[in-house]
Amino acid sequence: LSEKCSSCPADAKYDPERSSSYEEEGTVQRHCYGSGCADTVIGFEKVDVGPLREHRQAFWEIIHHQIAVMDFARFQAIVGVGHSNSPSMKYPTMLQSYGIDEFAFCLEKGDGAPGWLYWGAEPYLHAQMAAIPVVGKHHWGAVLKQVGMRSAGGVSKLLDVCRPSCGAIIDSGTSLIGVPKKQLKIIEEEI
């Protein structure tokens, strides 16, 4: 959220005038999500995440938004891990700038439970998590096979929702699952 944003909460805004490394590019763009739209202007800034450093990272500075959650949320930015081949990307993504070609995220169950985002290869995670090859050209698309459910008693059942395979988009920015109506009906009958 930027000091340039008149529709943003008054506190905790990014002020480019206080940065010695900020550079405005000037392109204005609208980004729309399920929760609303945000108008942005492209700029460049030095961005450090742990040991990772980029001296001129492109980012979208929010100058106006219609996303209700941003008015009371405890975050000041949305950091995307967008696919490197997105047609709307004029500049390298943060993942590209850091030389990262894989990431993992883990969200614990329960309201307020913690979550983790791992950028880059973490060898100890490979034994604990499933690696999913990316087949999408413009998004994190993957092949989905053998959809099933496990009961509280541990009994597994394959569902006839995806034969022999179908596509899935992995989006770490949402907790929603979008499913065609026919497949959703099959899943609902099992719940």
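Helices (DSSP runs of H or I, at least four residues) and strands (runs of E, at least two) are numbered from the N terminus. With that in hand, the protein chain can be read from its N terminus as β-β-β-α-β-β-α-β-β-β-β-α, a series with 3 helices and 9 strands. This is a predicted model, in which local features need pLDDT of at least 70 and side-chain atom pairs count only at pLDDT 80 or more, while totals for chains, interfaces and linings use all residues. Residues are numbered from 1 along each chain as its sequence is written, and side-chain values use heavy atoms, with hydrogens and water left out.

Consider the chain as a whole before turning to its parts. Of the 191 residues in the protein chain, 26% are buried, where buried means under 20% relative accessible area, exposed means over 50%, and partly exposed lies in between, with a 1.4 Å probe and protein chains only. The accessible surface comes to about 13,600 Å², and carbon and sulfur atoms account for 54% of that surface; such areas come from the Shrake-Rupley method with a 1.4 Å probe, and for residues only the protein chains shown count as cover. Among contacts (heavy atoms within 4.5 Å) between residues at least 6 apart in sequence, 46% join residues at least 24 apart.

Now follow the sheet. Three strands, in the order β1-β2-β3, make an open sheet of 3 strands with antiparallel pairing, and two strands are said to pair if DSSP finds at least two bridges between them. The edge strands are β1, residues 23-33, and β3, each of which pairs on one side only. From one strand to the next the twist averages 35 degrees, an angle taken between N-to-C directions on a scale from 0 to 180 degrees, with axes that are lines fitted to C-alpha atoms, for helices over the stretch in contact.

The pairing of β1 with β2, residues 36-49, is antiparallel and extends over 8 bridges, and a hairpin joins these two strands through 2 residues. Tyrosine 33 stands opposite glycine 36 in β2, and valine 28 stands opposite valine 41. On the other side, 11 bridges join β2 to β3 in the antiparallel sense, with valine 41 opposite glutamate 61 in β3 and glycine 43 having phenylalanine 59 as its bridge partner. β2 and β3 also form a hairpin, with 2 residues between them, and glycine 50 in the turn has a positive phi of about 55 degrees. β2 is mostly covered, since 11 of its 14 residues are buried.

Two residues show how the surroundings can vary within this sheet. Is valine 28 buried or exposed? Valine 28, found in strand β1, counts as exposed because its relative accessible area is 56%; the residues that valine 28 touches, not counting those up to four places away in sequence, are Thr40, Val41 and Ile63.

Glutamine 57, by contrast, lies in strand β3, residues 52-65, and counts as buried because its relative accessibility is 2%. Beyond four places away in sequence, glutamine 57 touches Gly43, Phe44, Glu45, Val47, Pro92, Thr93, Met94 and Ser97. The side chain of glutamine 57 makes a polar contact with the side chain of serine 97 at 2.7 Å, and also reaches the backbone oxygen of proline 92 at 3.2 Å. A polar contact is a pair of N or O atoms within 3.5 Å; within protein, one must be able to donate a hydrogen and the other to accept it, and residues adjacent in sequence count only if both atoms are side-chain atoms.
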